[in-house]
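The following exercises concern the architecture of a single protein chain. Please work through each task with the sequence and the structure in view before reading its solution.

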Amino acid sequence: MSLALRHNVCATDTEDGMVLLDEVTGRYWQLNGTAALILRALLGGAAPPDTAGRLREAYPHLTVERSRSDTAAFIDSLVEARLVVPT
């Protein structure tokens with residue numbers, strides 16, 4: 001599954017993460033560095049298992065199960081907030 005930002009959502013990198021803005025509703029989400037890492041990987045075309053692997057590279061203390069569940073939970077949050085669409 002590849003993801004893209006919805007057409008009305010823009011992303012801006014910050015010093016320690018990323019901010020997403022829904023230009024229609026005016027709502028914004030501030031992502032920490034970990035969430036930004038996951039989102040960048042997904043937007044770059046990485047599949048969720050590959051994204052979880054990148055998360056483990058950045059945080060070697062994470063178990064495979066934890067990195068996969070955290071990645072899946074974050075994807076669910078992005079979809080629920082209507083910030084991304086599958087491509």
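**Exercise 1. Pairing in the sheet**

Which residue in β4 is the bridge partner of L20? Determine also the strand order of the sheet and its edges.

*Solution.* The model is a predicted one, in which local features need pLDDT of at least 70 and side-chain atom pairs count only at pLDDT 80 or more, whereas totals for chains, interfaces and linings use all residues. Residues are numbered from 1 along each chain as its sequence is written, and side-chain values use heavy atoms, with hydrogens and water left out.

Step 1. The bridge partner of L20 in β4 is W29. Helices (H or I, at least four residues) and strands (E, at least two) are DSSP runs, numbered from the N terminus.

Step 2. Two strands pair if DSSP finds at least two bridges between them. Five bridges link β3 and β4 in the antiparallel sense, and six join β2 to β3, also antiparallel. L20 of β3 is, moreover, the bridge partner of A11.

Step 3. The result is an open sheet of three strands in the order β2-β3-β4. Because β2 (9-14) and β4 each have a single partner strand, they stand at the edges, and one side of each lacks a neighbour in the sheet.

Step 4. Consider the connections. Two residues form the hairpin between β2 and β3; that of β3 and β4 has five residues between the strands, among them G26, with a positive phi near 80 degrees.

**Exercise 2. The two faces of β4**

Which side chains of β4 are buried, and which are not?

*Solution.* Step 1. Buried means under 20% relative accessible area, exposed over 50%, and partly exposed in between (1.4 Å probe, protein chains only).

Step 2. In a regular strand the side chains alternate between the two faces of the sheet.

Step 3. W29 and L31 point to one face and are buried, while Y28, Q30 and N32 point to the other and are not.

**Exercise 3. The nonpolar core**

Which elements supply the largest nonpolar core, and what surrounds L39?

*Solution.* Step 1. A nonpolar core is a set of buried Ala, Val, Leu, Ile, Met, Phe, Trp, Tyr and Cys residues joined through side-chain atoms within 4.5 Å. The largest one has 18 residues, and L20, L31, L39, F74, L78 and L83 have the most contacts inside it.

Step 2. At least two residues each come from β3 (17-22), β4 (28-32), α1 (33-43) and α3 (64-80). With five residues, α1 gives the most.

Step 3. Contact means heavy atoms within 4.5 Å. Neighbours within four places in sequence aside, L39 is in contact with M18, L20, L31, F74, L78 and V84.

**Exercise 4. The orientation of α3**

Where do the buried residues of α3 lie around its axis, and which elements do they pack against?

*Solution.* Step 1. The buried residues of α3 are S67, T71, F74, I75 and L78.

Step 2. Seen down the helix axis, they fall within an arc of 100 degrees (taken from the directions from the axis to the C-beta atoms), so they line one face of α3. E65, D76 and E80, on the other side, are exposed.

Step 3. The buried residues of α3 pack against β1 (3-5), β3, β4, α1, α2 (48-58) and β5 (84-86).

Step 4. After α3 comes R82, with a positive phi near 60 degrees.
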